[in-house]
Amino acid sequence: MTVPSGRRERKKAATRQKIADTALRLFLERGYDAVGIRDVAAEADVAVTTLFSHFASKEALVFEQDEDFEHRLTQAVTDRAPHEPLIPALRHEVQALVRHCTADSATPIWRMVEESPALREYEESMRLRHAESLAAAITADPGLPQDTTACRAIARFVIDAYALAREAADPETALDEIFRMIEAAWAVTRLSGTATGTAGP
């Protein structure tokens, strides 16, 4: 999670976290559909307008680390060392995300998501957005192949790797298998880039 700097930013982050923690507790205690935005705001002792200044929707309260996850994925591309291969950098980050989301404490949360059509739809739209952000980061890297379609495809594969591994009985083995396929697909993209003079690591 990104650590905010400055007193004002820390206070804002603390309020946001308090709202998210309160919402999750209420959702798990009473059921997602039984809890409204006003219930969360009242329990967290904040105004409804304050809640909406931090979270755009009720669904967003469940996925409160959404933006942080998206940022970490794009940073895996933009902050890697010169000549560091792309796919291992992405695998390292996805592995960390999968471990976070497969912890025992996350089990009731994912059960709640599976039981809610609204949350499943939100998660799907979130994954698509993450894939588009990741694709944009890959495409913008001058040292990588610039084929937009190929970059979008690789980004989708990476996001799907996270989702599939999270749901697998053995997440680590699933990641190994999926990323071998992603490596193979990326190798083809690099070969195509070599032919056009745009290949990268």
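Here are some short exercises on this predicted model, each with a worked solution.

Residues count from 1 along each chain as its sequence is written, and side-chain values use heavy atoms, leaving out hydrogens and water. Local features need pLDDT of at least 70 and side-chain atom pairs count only at pLDDT 80 or more, while totals for chains, interfaces and linings use all residues.

**Exercise 1. Get an overview of the protein: state its secondary structure, its span and its share of buried residues.**

Step 1. Start with the elements: the protein has 10 helices and zero strands. Helices (H or I, at least four residues) and strands (E, at least two) are DSSP runs, numbered from the N terminus.

Step 2. Turn to the extent. The C-alpha trace spans about 60 × 40 × 25 Å along its principal axes.

Step 3. Look at burial. Of the 201 residues in the protein, 42% are buried. Buried means under 20% relative accessible area, exposed over 50%, and partly exposed in between, using a 1.4 Å probe and protein chains only.

**Exercise 2. Place Thr 149 and decide whether Thr 149 is buried or exposed.**

Step 1. Find the element: Thr 149 belongs to helix α9, residues 148-167.

Step 2. Apply the cut-off. Thr 149 counts as exposed because its relative accessibility is 61%.

Step 3. Add a second residue. Thr 139 is 10 residues away from Thr 149 in sequence, and their C-alpha atoms are 9.4 Å apart in space.

**Exercise 3. Describe how α8 packs with α9 and with α5.**

Step 1. Recall what to look for: two packed helices are described by the angle between their axes and the distance between the axes. Axes are lines fitted to C-alpha atoms, for helices over the stretch in contact, and angles run from 0 to 180 degrees between N-to-C directions.

Step 2. Take α8 (residues 117-140) and α9: their axes come within 8 Å and cross at roughly 135°. That makes α8 oblique to α9. Angles under 35 degrees count as roughly parallel, over 145 as roughly antiparallel, 65 to 115 as roughly perpendicular and the rest as oblique.

Step 3. Now take α5 and α8, whose axes come within 9 Å and cross at roughly 25°. These two helices are therefore roughly parallel to each other.

**Exercise 4. Which residues line the largest cavity, and which helix gives the largest share?**

Step 1. Count and size: the structure holds one cavity of 30 Å³ or more, and the largest cavity has about 80 Å³ of space. On a 1 Å grid over the protein atoms alone, a cavity is a set of points where a 1.4 Å probe fits but cannot get out, and a pocket is an open set with protein on both sides within 12 Å along at least five of seven lines; lining residues have an atom within 4 Å of a point. Grid points are joined across faces, edges and corners, and a volume is the space filled by probe spheres set on the points.

Step 2. List the lining: Phe 69, Leu 73, Leu 97, Met 126, Arg 127, His 130, Ile 159 and Tyr 162.

Step 3. Assign the helices. At least two lining residues come from each of α5, α8 and α9, and α8 gives the largest share, with three.

**Exercise 5. Describe the second largest pocket.**

Step 1. Its volume is about 380 Å³.

Step 2. The second largest pocket is lined by 19 residues, and those nearest its centre are Val 62, Glu 64, Gln 65, His 100 and Ile 109.

Step 3. α1 gives the most to this lining, with four residues.
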